[in-house]
Amino acid sequence: MVSTSLLLCSTSLAMILLALIAQHSVGATEYIVGDENRWTTGTNYLAWSEKYNFTVGDVLVFKYVKGQHDVFRVTEETFRSCNSSSGVLETHATGDDHIALVEAKRYWFICNVSGHCLGGMKFGVSVASLVEEGPAVPPAALPPPAKGGAAAAAGGGSGLRWLLTIGLSMGFLNYYYYY
Ligand SMILES: [Cu+2]
């Protein structure tokens, strides 16, 4: 009885750890802009953008009827003015546009169909680096602070490897002690 509950307990812990690892190592979450409303007029995209915490590697997916809308990634100034005569960084118009958030910074988007930006088809997102959004590990278990961006990213990686090692060790211990 005791050994069975021990087994269940440590197995669940190992599974939780592995789930954490999977979630963080995959990294790229796809977000449908506007959720079920998708990319269209009459949706509050400011409210939508505040529902999620975006991290580097995530992807925004703009879904709409091709020709009815488009997607312009713009500067903050153009986002605010809705005047796309300048400040346009990239444009998309397929109706199924996937835009990867590759840098930790703010991204700004508008629809450039006449009147749509002023009507509310515009939003910005703050994209956090992977290090700031690291796994929920007690401070003592984290590797020592690394210097610089690249080194910090590598530090996050070794934290995940540490978790993986613990998870796998628990699996092996279970195997040897209870079978
Ligand atoms: Cu539009």
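Two strands pair if DSSP finds at least two bridges between them. The exercises below use that rule on a predicted model.

**Exercise 1. Which residue of E5 is the bridge partner of Phe-72, and how many bridges join E4 and E5?**

Step 1. Locate the strands. E4 covers residues 71-74, and E5 covers 88-92.
Step 2. Count the bridges. E4 and E5 are joined by four, in the antiparallel sense.
Step 3. Read off the partner. Phe-72 is bridged to Thr-91 in E5.

**Exercise 2. Give the strand order of the five-stranded sheet, and explain what is special about its edges.**

Step 1. Write the order: E2-E8-E7-E4-E5. The sheet is open and its pairing is mixed.
Step 2. Find the edges. E2 (54-55) and E5 each have a single partner strand, so one side of each is left without a neighbour in the sheet.
Step 3. Check the E2 end. E2 and E8 (residues 122-128) run parallel and share two bridges. Here Phe-54 stands opposite Val-127 in E8.
Step 4. Move inward. E7 (residues 106-110) and E8 are antiparallel, with five bridges. Trp-108 has Gly-124 of E8 as its bridge partner.
Step 5. Recall the general rule. Strands of a sheet pair through backbone hydrogen bonds, in either a parallel or an antiparallel sense.

**Exercise 3. Describe the sheet of three strands.**

Step 1. Write the order: E1-E3-E6, an open sheet with mixed pairing.
Step 2. Find the edges. E1 and E6 (96-100) each have a single partner strand, so each has one side without a neighbour in the sheet.
Step 3. Add the twist. From one strand to the next, it averages 25°.
Step 4. Look at one pair. E1 and E3 run parallel and are joined by three bridges. Ile-32 has Val-61 of E3 as its bridge partner.

**Exercise 4. Which elements give two or more residues to the largest nonpolar core?**

Step 1. Size the core. The largest nonpolar core has 20 residues.
Step 2. Name the residues with the most contacts inside it: Phe-62, Val-71, Phe-72, Phe-109, Ile-110, Cys-111 and Met-121.
Step 3. Assign the elements. E3 (59-63), E4, E7 and E8 each give two or more residues to this core.
Step 4. Inspect Cys-111. Leaving out residues up to four places away in sequence, Cys-111 touches His-69, Asp-70, Val-71, His-116, Cys-117 and Met-121.
Step 5. Set this against the general trend. In soluble globular proteins, nonpolar side chains tend to be buried together.

**Exercise 5. Is Asn-44 buried or exposed?**

Step 1. Place the residue. Asn-44 sits in the loop between E1 (30-32) and helix H2 (45-49).
Step 2. Apply the cut-off. A residue with 12 or fewer other C-beta atoms within 10 Å is exposed.
Step 3. Count. Asn-44 has 12 C-beta neighbours inside 10 Å, so Asn-44 is exposed.
Step 4. Look for a partner far along the chain. Gly-120 is 76 residues away in sequence, yet its C-alpha atom is 6.7 Å from that of Asn-44.

**Exercise 6. Where does pLDDT stay under 50?**

Step 1. Take the whole chain. Mean pLDDT is 76, and 58% of the residues reach 70 or more.
Step 2. Mark the weak stretches. pLDDT stays under 50 over residues 13-23 and over residues 147-160.
Step 3. Note their contacts beyond four places in sequence. The model has 13 for residues 13-23 and 21 for residues 147-160.
Step 4. Decide how to read them. Where pLDDT is low, predicted coordinates should not be read in detail.

Methods:
Residues are numbered from 1 along each chain as its sequence is written. This is a predicted model: local features need pLDDT of at least 70, side-chain atom pairs count only at pLDDT 80 or more; totals for chains, interfaces and linings use all residues. pLDDT is the predictor's confidence in each residue, from 0 to 100. Two residues are in contact if their C-beta atoms, placed from the backbone, lie within 7 Å. A nonpolar core is a set of buried Ala, Val, Leu, Ile, Met, Phe, Trp, Tyr and Cys residues joined through C-beta atoms within 7 Å. Axes are lines fitted to C-alpha atoms, for helices over the stretch in contact, and angles run from 0 to 180 degrees between N-to-C directions.
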